Amino acid sequence: MKNKIFSFLFCLLFIFLSGCNVWDNGQNLSSDLTTNAQSQFVGSEQSRTESEDINLSSANQAENNQNLLIEILNAGQADCILITLPGNRYILIDGGNNNDGQKLVDYLKSKTISNIDFVIATHPHEDHIGGLDLIISSFDIGKIYMPKIHDSDVPTTKTYEDFLDAVSNRGYKISPAKAGSTLLDEGNLKLEFFAPNSDNYNNLNNYSAVIKLTYGNTRVLFAGDAENVSENEMLKAGFNLKCDILKVGHHGSNSSTTKEFLEAVDPKEAIISCGMGNQYGHPHAETLQKLQAAGINIHRTDQDGTVIITLDGNSYTISKHKDINIDGN
Ligand SMILES: [Zn+2]
Ligand SMILES: [Zn+2]
């Protein structure tokens, strides 16, 4: 018994220490950026943002087409979103379950991807970071973002440990995702974090990084598993939440998508990532009713397969692909 307690404590210590190692100690830089980014929201002139410091992988954008592609991949009861920026630069938001990892790697390789500019782990639940260890060991990554989790909530799961190990094995650092910072700001393309707004929650879901993508006239909000607590904070913070497309929070659970939040986002399209016949009953009927009552078009990975949105800066089209499936369960 003593041995068990000892190994448990040892594990905790290991996770704590490896957790410390992998964080980008440019915390001060990050808060400077936060200040800069926040000043943009109050309408001051454009500030210097983090994006200027980032060496993105593809130099010759001019040769490529100018469409931006968002693939909400069918990962079963999990989240995985691949964004292809003009110039074939890539952003991955979450990496599905543990069992989805290899299929995701194969899918990205089938597109001849070798570098991913940003990997964003919205929060450390298995259905979001499960496949990311394989991704991090298989591709060159520009920058990895994840919200900093309060000591009292740091997961002790093997999945989280595998993720941190993969990061440290590659010598990468994790940059903290937090509300108010801007990841990219170049011409008509902008990527911002709207959440998390606090550094301590009762529930890991509320730590979720929430990301707003703006491409020309089209705005998309990726809500991770953010629940009503985080939604209220985003409303309070005064972010411009209005978007054309909402990746609905927490797989369509009734824990998320409050009436007030939905009114502020006011999307035309809602995309729900969930597994067919999942044990949680996602998406919940209340969420679907709210979306329907607001006249929002609903797209679901369990029924439609992978949902691909193509943005040209002025308008968007949505297509559904049952043949694209990274669900390894
Ligand atoms: Zn989830
Ligand atoms: Zn979650």
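**Entry 1: a hairpin to begin with**

I started at one residue pair and found that Leu85 stands opposite Arg89, which belongs to strand E3. Looking outward from that pair, I saw that strand E2 (residues 81-85) and strand E3 (residues 89-93) run antiparallel and are joined by five bridges. I note here that I am reading a predicted model, and that I should keep this in mind for everything below.

**Entry 2: the sheet around that pair**

I then looked up which sheet E2 and E3 belong to, and found an open sheet of eight strands with mixed pairing, in the order E6-E5-E4-E3-E2-E1-E14-E15. At its edges I found strand E6 (174-176) and strand E15 (316-321), each of which pairs on one side only. From one strand to the next, the twist averages 20°. As a reminder to myself, strands of a sheet pair through backbone hydrogen bonds, and they may do so parallel or antiparallel.

**Entry 3: the chain as a whole**

Before going further I looked up the totals, and the secondary structure of the protein chain comes to ten helices and 15 strands. Of the 329 residues in the protein chain, 47% are buried. I also looked at contacts in the protein chain with a separation of 6 or more, and residues 24 or more positions apart account for 68% of them.

**Entry 4: strand E8 and its two partners**

Next I turned to strand E8 (residues 189-195), which is mostly covered, since five of its seven residues are buried. On one side I traced strand E7 (residues 182-186), which runs antiparallel to E8 and is joined to E8 by four bridges. Within this pairing, Leu184 stands opposite Leu191 of E8. The hairpin of E7 and E8 has two residues between the strands, and there I found Gly187 with a positive phi near 60°.

I also followed E8 to strand E9 (residues 210-215), and these two strands run antiparallel with six bridges between them. Here the pair I wrote down is Leu189 and Tyr215, the latter in E9, which stand opposite each other. In the loop between E8 and E9 I came upon Pro196, and the peptide bond that joins Ala195 and Pro196 is cis, with omega about 5°.

**Entry 5: helix H9**

Which residues of helix H9 (residues 285-293) are buried? I found Thr287, Lys290 and Leu291 to be buried in this helix. Seen down the axis of H9, the buried residues fall within an arc of 95°, so they line one face of the helix. On the other side of H9 I listed Ala285, Glu286, Gln289, Gln292 and Ala293 as exposed. I then asked what the buried residues of H9 pack against, and they pack against helix H8 (259-265), strand E12 (269-272) and strand E13 (297-300).

I looked at the chain on both sides of the helix as well. In the loop between E12 and H9 I found Pro283, and a cis peptide bond with omega of about -5° joins His282 and Pro283. Just after H9, Gly295 takes a positive phi of about 70°.

**Entry 6: Asp225 and its surroundings**

I next looked up Asp225, which lies in the loop between strand E10 (218-222) and helix H7 (228-237). Is Asp225 buried or exposed? It counts as buried, because 25 C-beta neighbours lie inside 10 Å and the cut-off for a buried residue is 20 or more. Leaving aside the neighbours within four places in sequence, I found Asp225 in contact with Thr122, His123, His125, Asn205, Ser208, Gly249 and His250. I also checked Leu204, which is 21 residues from Asp225 along the chain, and the C-alpha atoms of the two are separated by 8.7 Å.

**Entry 7: two histidines with a positive phi**

One of the contacts of Asp225 is His250, so I followed that residue to the loop between strand E11 (245-247) and H8. His250 is not a glycine, and yet it has a positive phi of about 50°. His251 lies in the loop between E11 and H8, and it too has a positive phi without being a glycine, at about 55°. I wrote these two down because most residues other than glycine have a negative phi. His250 is buried, with 28 other C-beta atoms within 10 Å, and His251 counts as buried with 26 C-beta neighbours inside 10 Å.

Technical notes
Residues numbered from 1 in each chain as written. Chains lettered and ligands numbered in written order. Predicted model: local features only at pLDDT ≥ 70, side-chain atom pairs only at ≥ 80, totals over all residues. Pairing = 2+ DSSP bridges. Axes fitted to C-alpha atoms, helices over the stretch in contact; angles between N-to-C directions. Buried ≥ 20, exposed ≤ 12 C-beta atoms within 10 Å, placed from the backbone. Arc of directions from axis to C-beta. Contact = placed C-beta atoms within 7 Å.
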